[in-house]
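Please find below my notes on this model, set out as numbered points. They move from the overall make-up of the chain to one hairpin and the core around it.

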Amino acid sequence: MVRLLVSILLGAAVTFALFSFMAFLISSGDRREEEKLENIVVEVNTTPPKSAAEQRRRVPPPPPPPPKTPPKPQAPEPETNTDTGGLTFNMPGVQLSGANAGISAPGAGFGRDGDATPIVRIEPKYPIQAARDGKEGWVKLSFTINEVGGVEDVEVIESDPKRVFDKEAKRALRKWKYKPKVVDGKPMRRPGLTVQLDFKMGG
């Protein structure tokens with residue numbers, strides 16, 4: 001009986017000692033963690049680190065060369081229309097004071113007195129329907145040359161056949177250019193002029 005009591009007391013003492021030792025170990029571990037946390041020092045460095053990269057300065061591009069002076073415009077050549085589509089046109093000289101005037105040089109000026117003379121003549125287009133039907137004919141027109149050499153007031157006096165070639169003849173005559181009539185050094189209007197345009201099939 002005495003041995004049982006002694007063994008119980010001894011076991012309780014050993015158990016108590018073990019629990020006390022474990023509690024000591026746990027408490028000592030917590031203190032070491034707190035000491036480690038207290039010893040941590042945070043340093044803040046506000047100075048940026050030096051960079052080894054080289055700094056490149058931007059060099060402005062050289063100024064562009066001055067623009068070249070444009071070439072001087074050349075005088076326009078007189079307009080001519082040579083595309084007749086295999087058709088021929090008989091365009092006699094314009095009746096000026098009862099005589100037919102020839103074509104003068106395009107560069108002639110207004111300095112000298114003289115009658116109106118043609119500079120540019122545009123051939124009329126042959127109407128498609130008339131070409132298909134093999135029709136030929138002529139158109140007699142009246143017109144006026146203004147102070148700058150343009151053609152105005154184009155009217156059909158007579159035509160054969162009627163209204164077949166009138167439109168193309170008038171359209172072509174309006175594109176003609178003249179050196180206007182000059183009196184005392186001044187260009188004048190020249191009304192009442194007539195011309196006949198012949199439309200003939202050509203080989």
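1. The chain has three helices and 10 strands, where helices (H or I, at least four residues) and strands (E, at least two) are DSSP runs numbered from the N terminus. Read from that end, the elements follow the order α-β-β-β-β-α-β-β-α-β-β-β-β.

2. The model is predicted, so that local features need pLDDT of at least 70 and side-chain atom pairs count only at pLDDT 80 or more, while totals for chains, interfaces and linings use all residues. Residues are numbered from 1 along each chain as its sequence is written, and side-chain values use heavy atoms, with hydrogens and water left out.

3. Strands E5 (residues 137-145) and E6 (residues 151-160) run antiparallel and are joined by seven bridges; pairing requires that DSSP find at least two bridges between two strands. Five residues lie between the strands of this hairpin, and Gly149 adopts a positive phi near 95°. Leu141 stands opposite Val156 in E6.

4. The largest nonpolar core (buried Ala, Val, Leu, Ile, Met, Phe, Trp, Tyr and Cys residues joined through side-chain atoms within 4.5 Å; buried means under 20% relative accessible area with a 1.4 Å probe, protein chains only) has 21 residues, of which Leu141, Phe143, Leu173 and Trp176 touch the most other members. At least two residues of this core come from each of E4 (117-120), E5, E6, H3 (166-173) and E10 (190-200).

5. Beyond its neighbours within four places in sequence, Leu141 is in contact (heavy atoms within 4.5 Å) with residues including Val154, Val156, Ala169, Leu173, Leu193 and Leu197.

6. Over the chain as a whole, buried residues make up 24% of the 203 residues.

Methods: Buried means under 20% relative accessible area, exposed over 50%, partly exposed in between (1.4 Å probe, protein chains only).
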